[in-house]
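The following exchange concerns a single protein model. Please keep the sequence and the coordinates in view while reading.

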Amino acid sequence: MCGIVGYTGEDDITTALGRGLEKLEYRGYDSAGVALAESGGLRVIRSVGRVAKLEEKLRGVVTDARCGIGHTRWATHGSPTEINCHPHLSFGRRFAVVHNGVIENCRKLRELCEDRGISPVSDTDSELIAHLLELFFDGDVISAVRRTAEMLEGSFAVAALHAGEPDVIYAFRRSSPLIIGVSPGRCGVASDGCAAEGDTLLLGDGQYARISPAGARVWENGKRVSPGRISGFAVGSHGTAGYAHYMMKEIAEQPGAAARTIESLSRRRLSGSLAFIGCGSSYNAALSVLPLAEHSARRGASAFTAGEFLLTEKLSGRGRTAVAISQSGETADTVAAAREAAARGWSLLAVANVPRSSLTRVCRRCALTQAGPEISVATTKGFTSQVAALAAMLARGALRDEVRRLPAAIEKALAAEADAETAAELFAPDKAAFFIGRRADVGAALEGALKLREITYIPAIGLAAGELKHGSIALIEEGTPVVLVHTDPALKDKTLLTAATVKARGGRVIAVTHDDEVAAAADLALRIPDVPHLISPAVSVVPMQLLAYHAALRLARDIDKPRNLAKSVTVE
């Protein structure tokens, strides 16, 4: 979940590294650092906090380096202190490394180092990689890289410098992405294509590379190989286009993202016995289309969080399809669940936004969403694109025509912003909030609650409306905001009863609906266009995204980079 960048070539190295780290900061932002390959040895500069604090340290730095690596961190092993910040130096200062992933056998490796008289100075698993490189170095760095990689268990993407080769970056990976960018006279490496410049090459699982200004050489199992070339990777614009935050820009981009996704998948069909697998918003997307899948596939459908799927009994996949959903295609739990499903004999389909990602390589079939880059940590267009993609493949008959109208309906739903801004005044950090709905509205409600939790830190609870009275209603008191999502006309009476139950206890009802009677029964309504209930989550979620945004704005939260979070969760 960290950002890795490295450059070697003609550019000013501190400027190049800073530029790359800014693009990758959404992957982690509790500390940052760089290592420079100077003529006198390796120089490390690190800082706790955002990349901007590191850039302050780098201003005025005089260096003869033309090669370096950088890192922006989301902490796993060890708190976000400067001593735990990357890059890490080996005990002899001949190697510097940056690492994304988790080394599962780090205790054993720490003991190995200590037995050799090496005393790690940080709490991280990553530092051990640097020590192993130096332990195994006998004059051949590639041999040391290969032996080090063989010792590591878990997931890793590593970029390393060797003091004896001041214009070379070494890179190796397993189950965590690493991309090589090649341009005339310069090369680079990054954990995300947005920071890889020039022609982009994908370093494959188990491969390792030597990267110099002249180009990249790649090995696998001791033999030279040709790296895969990435085509269709959407680098896109990383500016805010005049919006105050990336999140608001990406909310506004949802109609276009949905339209491109639906058009690209309009001829695909998804049927049979289906199991949807995802985490966070991707799991909510699965719940959102579950009633549609049950209606259209007609052979049963289920949804699992990826972590729980891994813990289920060995369900046979005979005649069944596992649909693994991940915006980045690198979500560790989801990739692991897809591998487990394949081992159980399931047919696999990946729904992801990034071609040649880990998930799309695990699954034989993939359905790519067309959301483009999403920089804000809290997903918006990623979620609606996933719902649009699944709806496009699941809908049958007249419902397929309704799916094609979703982008226009999403556009109209954006008009709820003024009312969402008013509704945001009802939310306070010390008061719980509820998001509830029935059938397809449950997934949308859970996503609305997640958005509010992510960027405001308000304890928002999402659940099926029928479950509210089974215990959770004890939390409703005078002024408690309850967002009630209603799109199914057949359930109007139940919805009206729920609204009355909440108001009788002093709760404030905010209805997300197209129905006049339900809107009138609420304290405040966020109106949406009337679309069929089975595909409505792609539309009903929009006012809740706007509500979360304006609530966070009122509370002066860091909307694009909320605390403790990172964009791509690449650790289990």
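The questions and answers below address strands, helices and their packing in this predicted model.

Trainee: In what order do the five strands of the open sheet lie?

Mentor: The pairing in this open sheet is parallel. Its edge strands, which each pair on one side only, are β22 (460-464) and β25 (524-527). From one strand to the next the twist averages 20 degrees. The order of the five strands is β22-β21-β23-β24-β25.

Trainee: Which residue in β23 stands opposite Ile436?

Mentor: Strand β21 covers residues 433-437 and strand β23 covers residues 481-486. The two run parallel and are joined by three bridges. Opposite Ile436, β23 places Leu484.

Trainee: What angle does the direction of α16 make with that of β21?

Mentor: Helix α16 packs on the sheet, where it touches β21, β22 and β23. Its direction and that of β21 make an angle of about 160 degrees.

Trainee: At what angle to β23 does helix α17 run?

Mentor: Helix α17 comprises residues 492-504. It lies across β21, β23 and β24 (508-513). Relative to β23, α17 runs at about 175 degrees.

Trainee: Are α16 and α19 roughly parallel or roughly antiparallel to each other?

Mentor: The axes of α16 (residues 440-456) and α19 (residues 537-554) come within 9 Å and cross at roughly 20 degrees. The crossing is right-handed. Angles under 35 degrees count as roughly parallel. The two helices are therefore roughly parallel.

Trainee: How many residues of the contact of α16 with α19 are nonpolar?

Mentor: On the α16 side, the residues that meet α19 include Ala444, Leu452 and Ile455. Among their counterparts in α19 are Val541, Met544 and Tyr549. Of the residues of this contact, three are polar and two are charged, while the number of nonpolar ones is 12.

Trainee: How many of the six residues of strand β8 are buried?

Mentor: Strand β8 spans residues 169-174 and is mostly covered. Buried means under 20% relative accessible area. Of the six residues in β8, the number that are buried is five.

Trainee: How many bridges pair β7 with β8?

Mentor: A hairpin joins β7 to β8 through six residues. Leu161 stands opposite Ile169 in β8. Strand β7 (residues 154-162) pairs with β8 in the antiparallel sense, and the number of bridges is five.

Trainee: Which residue in β12 stands opposite Tyr170?

Mentor: Strand β12 consists of residues 207-212. It pairs with β8 in the antiparallel sense over four bridges. The residue in β12 opposite Tyr170 is Arg210.

Note on methods
Residues are numbered from 1 along each chain as its sequence is written. This is a predicted model: local features need pLDDT of at least 70, side-chain atom pairs count only at pLDDT 80 or more; totals for chains, interfaces and linings use all residues. Side-chain values use heavy atoms; hydrogens and water are left out. Axes are lines fitted to C-alpha atoms, for helices over the stretch in contact, and angles run from 0 to 180 degrees between N-to-C directions. Angles under 35 degrees count as roughly parallel, over 145 as roughly antiparallel, 65 to 115 as roughly perpendicular and the rest as oblique. A crossing is left-handed if the near helix is turned anticlockwise from the far one by less than a right angle, and right-handed if clockwise. Contact means heavy atoms within 4.5 Å. Ala, Val, Leu, Ile, Met, Phe, Trp, Tyr, Cys and Pro count as nonpolar, Asp, Glu, Lys and Arg as charged, and the others, Gly among them, as polar. Two strands pair if DSSP finds at least two bridges between them. Buried means under 20% relative accessible area, exposed over 50%, partly exposed in between (1.4 Å probe, protein chains only).
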